[in-house]
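Please find below a note on the model under review. It is set out as numbered points.

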Amino acid sequence: MKKLTAIVLTLAAIISCKTQTKETPGPQAANPIMGTWKLLSGTLIEKGDTTITDYTKDVSFIKIINGTHFAFLNHDLQ
């Protein structure tokens with residue numbers, strides 16, 4: 001009877017100590033556009049006129065978006 005009790009207690013301890021690894025979604029899983037983005041081109045439509053800007057040549061344009069703030073950074077590459 002003592003061996004049975006010891007085995008049951010040992011198995012209960014082993015089973016209760018087992019950890020489950022569950023991936024918890026981070027803030028980016030809540031909103032997939034969060035992060036740092038490099039823009040390749042931009043389109044501006046103003047009063048019917050369309051202007052397309054290429055950000056791969058002389059200018060670099062970066063967007064940073066997080067849960068509470070955003071920023072747009074324009075860098076001259078020359």
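The points that follow deal with the overall architecture, the strand pairings, the aromatic residues and selected surface features.

1. **Basis and overall architecture.** The structure is a predicted model. The secondary structure of the protein chain consists of 2 helices and 5 strands. Their order along the sequence is α-α-β-β-β-β-β, with both helices thus preceding the strands.

2. **Burial, surface and contacts.** The protein chain has 78 residues, of which 10% are buried. Its accessible surface comes to about 7,300 Å², and carbon and sulfur atoms contribute 61% of that area. Among contacts in the protein chain with a separation of 6 or more, 23% are between residues 24 or more positions apart.

3. **Pairing of β1 with β4.** Strand β1, residues 35–39, pairs with strand β4, residues 59–65. The sense of this pairing is antiparallel, and it extends over 5 bridges. Within it, W37 is placed opposite K63 of β4.

4. **The hairpin of β4 and β5.** Strand β4 also has a partner in β5: the two run antiparallel and are joined by 7 bridges. They form a hairpin, with 4 residues between the strands. One of the bridges links S60 to H75 in β5. Strand β5 itself covers residues 70–76.

5. **Surroundings of S60.** Is S60 of strand β4 buried or exposed? The residue is buried, because its relative accessible area is 10% and the cut-off for burial is under 20%. Leaving aside residues up to four places away in sequence, S60 touches K38, Y55, L73, N74, H75 and L77. H75 therefore appears in this list of contacts as well as being the bridge partner of S60 in β5.

6. **The hairpin of β2 and β3.** A further antiparallel pairing joins β2 to β3 through 6 bridges. In this pairing E46 stands opposite D49 of β3. The two strands form a hairpin with 2 residues between them. Strand β2 spans residues 41–46, strand β3 spans residues 49–54, and K47 is located in the loop between them.

7. **Backbone at K47.** What is the phi of K47, a residue in the turn of the β2 and β3 hairpin? The angle is positive, at about 55°, although K47 is not a glycine. Most residues other than glycine have a negative phi. K47 is also exposed, because its relative accessible area is 84% and the cut-off for exposure is over 50%.

8. **Aromatic pairs.** How many aromatic pairs does a search of the whole structure find? There are 3. In one of them, the ring centres of Y55 and F61 are 4.9 Å apart and the planes lie at 25°, so this pair is stacked. In another, the rings of F70 and F72 have centres 5.5 Å apart and planes at 70°, which makes the pair edge-to-face. A pair of aromatic rings is described by the distance of the centres and the angle of the planes.

9. **The aromatic cluster and its accessibility.** Ring pairs connect Y55, F61, F70 and F72 into a cluster. Its members do not share one accessibility class: Y55 and F61 are both buried, whereas F70 is exposed at 61% relative accessible area. F72 counts as partly exposed because its relative accessibility is 49%, and the exposed class requires over 50%.

10. **Surroundings of F72.** F72 belongs to strand β5. Apart from residues up to four places away in sequence, F72 touches F61, I62 and K63. The C-alpha atoms of F72 and I62 are 5.8 Å apart in space, while the two residues are 10 positions apart in sequence. K63, another of these contacts, is the residue that stands opposite W37.

11. **Nonpolar surface patch.** Which residues form a nonpolar patch on the surface? They are M1, L4 and V8, with a combined accessible area of about 370 Å². M1 lies in the segment that precedes α1, a helix covering residues 2–16. M1 counts as exposed because its relative accessibility is 80%.

Conventions: Residues are numbered from 1 along each chain as its sequence is written. This is a predicted model: local features need pLDDT of at least 70, side-chain atom pairs count only at pLDDT 80 or more; totals for chains, interfaces and linings use all residues. Side-chain values use heavy atoms; hydrogens and water are left out. Patches are made of residues with over 30% relative accessible area and no salt bridge: like charges are joined within 9 Å, nonpolar side chains (Val, Leu, Ile, Met, Phe, Trp, Tyr) within 5 Å. Accessible areas come from the Shrake-Rupley method with a 1.4 Å probe; for residues, only the protein chains shown count as cover. A salt bridge is a side-chain nitrogen of Lys or Arg within 4 Å of a carboxyl oxygen of Asp or Glu. Buried means under 20% relative accessible area, exposed over 50%, partly exposed in between (1.4 Å probe, protein chains only). Contact means heavy atoms within 4.5 Å. Rings of Phe, Tyr and Trp (its six-membered ring) pair if their centres lie within 6.5 Å; planes under 30 degrees apart count as stacked, over 60 as edge-to-face and the rest as tilted. Two strands pair if DSSP finds at least two bridges between them.
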